[in-house]
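These notebook entries record what I looked up in the structure. I began with the charged pairs and then turned to the backbone and the surface.

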Amino acid sequence: MGNIGLVSLMSPATSHVYIVDDEASVCLAYARLVRSAKMQPHAFASVEDFLNSDFTVENACVVSDIQMPGTNGLELPRLLKQAGYSLPVIYVTAHDTPETRDCAQQIGAAAYFRKPVDAQALLDAIHFALRRRTN
Amino acid sequence: MIKASQGLHEPQEIDDTLRTWIQEATELKAALDEHAIVAITDAQGCITFVNDKCCALAGYSREELLGQNHRIMGSGHHPTEFFREMWRTILRGVVWHGDIKNRAKDGSDHWLGTTIVPFLDDAGRPRQFVAISADITEQKRVEARLAEKQRLQQLLADLSARFVALPSEEIDSAIEDTLRLIAETLSLDRCTLWQLKAGERDLVCTHCWQRPEWPVMPPHLPMDGSIEWSVAKVMKGEILLFQSIDDLPPEASRDAALFRSYGLKSKITIPLLARGRVFGALAFSTLAGERAWAEDEVTELKLVTQIISNVVGRQRAELREDQLREELSHAQRVATLGELASALAHELNQPLAAILSNAQAARRFIADREFEQDELAAILDDIARDDKRAGAVIHNLRAMICKRTATREICCLHELVHEVVDLMRSAMLEAGIELRVQLAPALLPVEAARVELQQVLLNLLLNATHAMEQTPAALRFIEVATQEQGVAVVLSIRDRGHGISPERLDTIFDPFYSTKSSGLGVGLSICRRIIENHGGHIEARNCEDGGALFRFSIPTASPGPRAAA
């Protein structure tokens, strides 16, 4: 990761972005974007993979797909809450329907985007979610 | 005569006898002249005597004929052998009988039923030939007409028999052959079948036979109105008929001019009708000379037209049916794709999302001057790959939605399964269905229209998906399997849905049967048509432990390399 890794390690308050998407190429692209903003990306192919990982809730947020094999992305806030965690979740989906949008809003999503999402919009949403949390 | 031979020498008796003989001969000759055509030639065939009837029929004066060779009246109709045989007979001193076609001075031909009596000199050499003939022109004409009529009736009988159950691919050549037979039977020079093209108003020549010496007709009638009168007449369902172009009415003067420019002499055009509507016409023409159309000939030609009309009508109906099937199949493809819209959006949005994020990440790395060349190269490679992926999705989409006739190629069923499964994956995901694909280790290739087989797969998978809407989550899986069975490859799709109600098992592949509330209900009928067009078979049954199983088999292409799963 070179310089980027160094920068993130050097930063006292490293931000962690957990990317959950079954599409490997999408995961990788988001990870690069997150790194370009000097944050630490972590990629997962499913909700289960993420929940079973050693994630932190400090200075962190989730960027998740919705339609995935296994658990649906919209289940994530409930499952996190069940496990006693609180993490902001940003949705980025290829299936943008009014129903999913409403559902995401109801379950308290930090943001909701349709794929393909603009880098600045996504990064702004990530920063906003992290700041709100810190505050 | 008897008395003379008995040696009676009284001068008075001889005188009386001679007088009687001369009188009898004169009377006989007068009677003969009244009845027959008489000509006498010398041993060389030069005319020495002709009676009035002979002169009248041949159209020559006596002076013009006397001293001429008898060939002056010949028509050129008979082969050389005909006259050689005649000469051989009469030179032997034997009487000859035969029918001779002669030509008059004005060029018209006539037939003579002729008896030639040779008279020999004392040495047995021919001295002169007396030809006694009757004019049998009318009799010959009637005979020819009868023979022609018989041939035409035979032809009609043959035609009716021939066109029954004729495979559609042979219809065109059979029609052309028929046109030729009609032309030959009726001594015509050109027979043409004109048809109205679908949705158009002009007649197009679809079949034509003509004697090779004549110029070829243009395939389209001129649209400048120069044949309006004739076309309008035929399109009204009337017969256009003329022996001579001069017979056409004044209002058809432009038609007449055009016909003259085509070299037409006589013509009969009979409309082709289907359910009271004119959809074409059969045109019969002479170019070499004018021809009268006898009433019974017109009747026979109408019958021919009727037969061809039925055949062509059948052909057109089949064509329409094909077009309709094509339309339906297209509509169904579009409907299928409608159902797949969200899946397609997903398929396109995924690579687009990756491309955008990759490009913008790279842009940010460069702006911060914090990048490694390898990282940028990897980003660009990924962008290129995702772009190609999106392109492939669009390409497949186009191929599936396009209204073109699919071409067949040698391909492996597995490739098709992979392509369709890729396309369906997200739709399945959305429906919470797991796709379990079990492909045979290796499969012989098939010769198939990829798009069509993909459509079958798509239809069957979509049906399976719809059938499982009420299925408990744990059982929501579709099994797709392939295997080789003898000379066929078999693909089966098994779902865990509501199955097929027993009374509908037999009709499930019939058109317009559908248990779905949405959809055109033609999906399975199109599947069956496609599979059967590929020489295969499709079947459906219920499984004992629930759900339906659809299976189709397609014969393998000629031996080739096996494709791995």
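Entry 1, salt bridges. I counted the salt bridges in this predicted model, and the count comes to 36 over all chains. Side chains of opposite charge can pair when their charged atoms come close. I then took up individual pairs.

I looked up Arg180(B) and found a salt bridge with Glu184(B), in which the closest N and O atoms are 3.2 Å apart. I placed both residues in helix H7 of chain B, residues 168–185. Arg180(B) and Glu184(B) are four residues apart, about one turn of the helix. For exposure, I noted a relative accessible area of 26% for Arg180(B), which is therefore partly exposed. Glu184(B) also counts as partly exposed, because its relative accessibility is 39%.

Is the pair Arg291(B) and Glu297(B) buried or exposed? I first confirmed the contact: their side chains meet in a salt bridge with an N to O distance of 2.8 Å. Arg291(B) has a relative accessible area of 12% and Glu297(B) has 3%, so I entered both as buried, the cut-off being under 20%.

Next I examined Arg551(B) and Glu539(B), whose side chains meet in a salt bridge at 3.0 Å, N to O. This pair links distant parts of the chain, with the two residues twelve apart. I located Arg551(B) in strand E18 of chain B (residues 548–555) and Glu539(B) in strand E17 of chain B (residues 537–542). Arg551(B) counts as partly exposed because its relative accessibility is 22%. Glu539(B), with a relative accessible area of 32%, is partly exposed.

I also asked which residues are linked in a network of salt bridges. I recorded Arg32(A) and Arg35(A) from chain A, together with Glu375(B), Asp382(B), Arg385(B) and Asp386(B) from chain B.

Entry 2, backbone. Most residues other than glycine have a negative phi, and most peptide bonds are trans. I searched chain A for departures from this pattern.

Lys38(A) is not a glycine, yet I read a positive phi of about 60° for it. I found Lys38(A) in the loop of chain A between helix H2 (24–36) and strand E2 (40–44). Its relative accessible area is 34%, so I classed Lys38(A) as partly exposed.

Asn59(A), likewise not a glycine, has a positive phi of about 55°. I placed Asn59(A) in the loop of chain A that runs between helix H3 (47–51) and strand E3 (60–64). Asn59(A) counts as partly exposed because its relative accessibility is 22%.

Where does the cis peptide bond lie? I found it joining Lys115(A) and Pro116(A), with omega at about -5°. Pro116(A) lies in the loop between strand E5 (111–114) and helix H6 (119–134) of chain A.

Entry 3, surface. I looked for a nonpolar patch and found one formed by Ile14(B), Leu18(B), Trp21(B) and Ile22(B). Together these residues have about 360 Å² of accessible area. I followed up Ile22(B), which lies in helix H2 of chain B, residues 11–35. Ile22(B) counts as exposed because its relative accessibility is 55%, and the cut-off for that class is over 50%.

Technical notes
Residues numbered from 1 in each chain as written. Chains lettered and ligands numbered in written order. Predicted model: local features only at pLDDT ≥ 70, side-chain atom pairs only at ≥ 80, totals over all residues. Heavy atoms only, no water. Patch = residues over 30% accessible without salt bridge, like charges linked within 9 Å, V, L, I, M, F, W, Y side chains within 5 Å. Areas by Shrake-Rupley, 256 points an atom, 1.4 Å probe, with all protein chains shown as cover. Salt bridge = Lys/Arg side-chain N within 4 Å of Asp/Glu carboxyl O. Buried < 20%, exposed > 50% of the residue type's maximum accessible area, 1.4 Å probe, protein only.
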